[in-house]
Amino acid sequence: MSRRVVATGLGMVTPLGTGVQKNWEAACAGRSGIGPITKFDASAFSSQIAGEVTDFTSEDFMDKQQIRRFDIFIHYAIASARMALEESGLKINPKNASRVGCVTGTGLGGLATLKRYHSILLEKGPKRISPFFIPGIIANMVPGQIAIEFGAKGPNLSIETACSASAHAVGEAFRMIREGISDAMITGGSEAVITPLALGGFCSMRALSTRNDDPEKASRPFELNRDGFVMGEGSGILILEELEHALERGAPIYGEVIGYGLSGDAYHVSAPEPEGEGAITCMQAALDYAGIRAEDIDYINAHGTSTKLNDLSENKAIKAVFKEHAYKVCISSTKSVTGHLLGGAGGIESIFTLLALKYGVIPPTANYETPDPECDLDYVPNEAREVPIRIAMSNSYGFGGTNATLIFRAYHS
């Protein structure tokens, strides 16, 4: 019999704040973390807004030497992991270290640090490049440094599948525990690429919202007047454990992971397949893995990026999988308040989905003013909704047509 897997600790750093409680309260209130970019002068860019982390202090979670060595996306992840481990109460020691692993997702890695050292190379020459430059920017230094910091000697992987990365990480961590490879996993993801280079790249693709005069309302998934996504940054880390392992030590339990699906569109480098074919395959695979029917799902935390193509494709995919139940299931996109954390999105959205299960509250899709006739499902507009939730789904889709779906269930003995 497959082992049951539960979430016992959560940690978050996002544009809504540092800490799970700040994030949950803001998301349920529909309070946006998006504003004008302050990290650099964005006046030359078509999009000048982003979801920046504003209340985070690295020194609260790391020593000064680590802070100097690593890009900020690694800072966010270590901080989130520390919060999640503390809440979980999981103690990693020589007896259990090899049974505790770390799998995380990141999309682009340390672009800000890359830019800084490229400038140093051009201005001062190669001898002034730090020996910590490469370790400080690579994506796998998130699970690597988390393992070093907390002593986790089990499986250690970094997944870099664009905007599906941290959802894939949670799914792979789930499978490792379920299959007996590990007893506990530190998982989720992190991203921090609000930089001129990344912003310019997305602007050139015309992927970003240009609602610069009203940033808090710029991210409007599934709404008629949506005009692109808004970049965000931060981290979401979860502690997953085998159920008996968690119960033996009296750990808090947020919910159970029961399903995981992944697929590829095989269609386009950035656009989703128009009819949602890859998303359909992915959601159905997760339902099959969980051994449940589409009608058993009460809530979907949608990928919902606020782009014309993605939202329409996801809407079609949900209708194809859920059929008549598509009009009964509650759907929302928390990207409406956080922006899109790219490779870090699936981690924080897994946490929001677990919190919705635990508290019986669905965070709303903010900024939903004018319904889009082509996106015609229940997107829980503007106000949180109190409803009993037994089983919930979270979707993540990425460039290259890479898809991930996770399914969570309210915990019962």
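**Strand 1 and the two cysteines**

Two bridges connect strand 1 with strand 2, residues 17-18, and the two strands run antiparallel. Before going on, a reminder that this is a predicted model. A hairpin makes the connection between strand 1 and strand 2, using two residues. Within this pairing, valine 13 sits opposite threonine 18 of strand 2.

Which other strands pair with strand 1? One is strand 8, residues 234-242, which is antiparallel to strand 1 and joined to it by eight bridges. Another is strand 9, residues 255-264, also antiparallel, with three bridges to strand 1.

Valine 5 appears in both of these pairings. Its bridge partner in strand 8 is glutamate 242, and its bridge partner in strand 9 is valine 257.

Next, burial. Strand 1 covers residues 5-14, and 10 of its 10 residues are buried. As general background, side chains in a regular strand alternate between the two faces of the sheet.

Now the cysteines. How many disulfides are there? The count is zero. Why is cysteine 28 not bonded to cysteine 330? The cut-off for a disulfide is 2.5 Å between the sulfur atoms. The closest cysteine sulfur to that of cysteine 28 belongs to cysteine 330, and it is 13 Å away, so it is too far for a bond. Taken from the other end, the closest cysteine sulfur to that of cysteine 330 is in cysteine 28, again at 13 Å and too far.

Are these cysteines buried or exposed? Cysteine 28 is buried, at a relative accessible area of 18%. Cysteine 330 is buried as well, at 9%.

Note on methods: Residues numbered from 1 in each chain as written. Predicted model: local features only at pLDDT ≥ 70, side-chain atom pairs only at ≥ 80, totals over all residues. Heavy atoms only, no water. Buried < 20%, exposed > 50% of the residue type's maximum accessible area, 1.4 Å probe, protein only. Helix = DSSP H or I, 4+ residues; strand = E, 2+ residues; numbered from the N terminus. Pairing = 2+ DSSP bridges.
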